[in-house]
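Here's a quick tour for anyone opening this structure for the first time. Keep the view handy and follow along.

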Amino acid sequence: MSHSTTTAGESRWRRIPLWQKILAGLALGVLAGALLGEDASLFKPLGDIFINAIKMLIVPLVFSTLVVGITAMRDPQKMGRIGARTIALYLVTTAFAIAIGLLASWLFQPGVGLDMSFESGVEAKEAPGLTEILVGLVPQNPIDALASGNILQIIVFAIGLGISLTLIGDKGEPVVKVFESFAEAMVKLTNIVMAFAPIGVFGLIAHVAGSYGLEVLLPLAKVIGVAYLASALHVVLVYSGLLALLGRLNPLRYLQGILDALVVAYSSASSSGTLPISLRCAKNNLGVSEGVAGFVLPVGATINMDGTAIYQGVVAVFIAQLVGVDLSLMDYGMIIVTGTLASIGTAGVPGAGLVMLSIVMAQIGLPLEAIAVIAGIDRILDMARTSVNVAGDLMVTTLVGKSEGELDEAVYNAPRKS
């Protein structure tokens, strides 16, 4: 009797969608953090173990799926076409993202009426030059790039290896089969790790909620709210709109299909860390082919900066309002242009959000020291911007898959359990 009851309980648990389990873990984590305060940090190891397990997947999964994706295309021209479309879409959505962030801050004026001091000593960051970026793309030692997790260099090496395996024809087939088997094994390992996601998310959020008390959040609650609203509008209006207009696809299916990736992105605040789940969502929920998903998603996790673009649009206007600087129409235009171009130069650079923000602020003459004001809530903002980045990666992957005839619309339109 007890055995059958246990089996029935396990069966019901398996039928619950993963995103609902993760959301339950997130809600319990918030509750634990609110009740225990800083003592909730005792749950942090659960989150750290989960994040380490996700990071363990990134390099082998990206490398193997990229090689398999390139060899599956069997056409260098097709790869070039997909690459061009991918980068163009990322740049267009980044410009939209900055504009939405600016508009939201202009409408709601989160910095007006605040009297906050900030420390001096913040120096302007410089985006790397074009030559430096191009030289840095090519790894001197691919093993070192794999070991250090340099995703841009891994992408370049994987593309080169994939093209070479395609060009040597039948001689490359044994190696291709090894990579295909290895990629399948990594997907299975991802599924195993994701089974523990609700526990990991609980640990992460309990620590974050316990660390940020009301005394930190209340003075800046308005700018947090504006950033979150702008992020939601970008996903709902821009991403859903592009899918409906360009792809003739139902945006609701897209939003349902990416939920697993969004809740992991929000709790982990890491686009690269969410990549294994994004690949899973693209293939299993959205119906994107392995070749397109394996190529577009790793590139997006590295260069797509929509969430950071919203953040810099909101924060730039917030700081201008805070210090009493009236921005002109030219300044707003400069923020959009500079932010979009800076997103190319800072892709893959550690602390890219700060680099982009300081470039934009220096361009329009805002005091860089004011960045210190939002330093205390950066983790809260980072969770939102990471979610937008991941949603953008999956939207572009879906559109590219549709344009290349590599989107299984039966899978995309299949109703999901709520």
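A residue is called buried when its relative accessible area is under 20%, and exposed when that figure is over 50%. Keep in mind that this is a predicted model. We'll look at one helix with two faces, then at a pair of packed helices.

**Helix H8 and its two sides**
- H8 covers residues 173–194, and its end C-alpha atoms sit 31 Å apart, which agrees with the 32 Å that 22 residues should span at 1.5 Å a residue.
- The buried residues in H8 include Val-176, Phe-179, Ala-183, Met-186, Thr-190, Val-193 and Met-194.
- Those buried residues lie on the same side of H8, because they cover an arc of only 95° around the axis.
- An α-helix has 3.6 residues a turn, so residues three or four places apart point the same way.
- Flip to the other side of H8 and you'll find Pro-174, Lys-177, Val-178, Ser-181 and Lys-188 exposed.

**Helix H20 by itself**
- With 26 residues, H20 should span 38 Å at 1.5 Å a residue, and the 37 Å between its end C-alpha atoms agrees.
- Most of H20 is covered, with 22 of its 26 residues buried.
- Just after H20 comes Gly-405, which takes a positive phi of about 70°.

**H14 against H20**
- H14 (residues 271–284) packs with H20 (residues 378–403) at an angle of about 35°, and their axes are 10 Å apart.
- The crossing of H14 past H20 is right-handed.
- H14 brings Ser-271, Thr-274, Ser-278, Cys-281 and Ala-282 to the contact, while H20 brings Thr-386, Asn-389, Val-390, Leu-394 and Thr-397.
- Sorted by class, this contact has 6 polar and 4 nonpolar residues, with no charged ones.

Definitions and conventions. Residues numbered from 1 in each chain as written. Predicted model: local features only at pLDDT ≥ 70, side-chain atom pairs only at ≥ 80, totals over all residues. Heavy atoms only, no water. Axes fitted to C-alpha atoms, helices over the stretch in contact; angles between N-to-C directions. Helix = DSSP H or I, 4+ residues; strand = E, 2+ residues; numbered from the N terminus. Left-handed = near helix turned anticlockwise from the far one by under 90°. Contact = heavy atoms within 4.5 Å. Nonpolar A, V, L, I, M, F, W, Y, C, P; charged D, E, K, R; others polar. Expected span 1.5 Å × (residues − 1). Buried < 20%, exposed > 50% of the residue type's maximum accessible area, 1.4 Å probe, protein only. Arc of directions from axis to C-beta.
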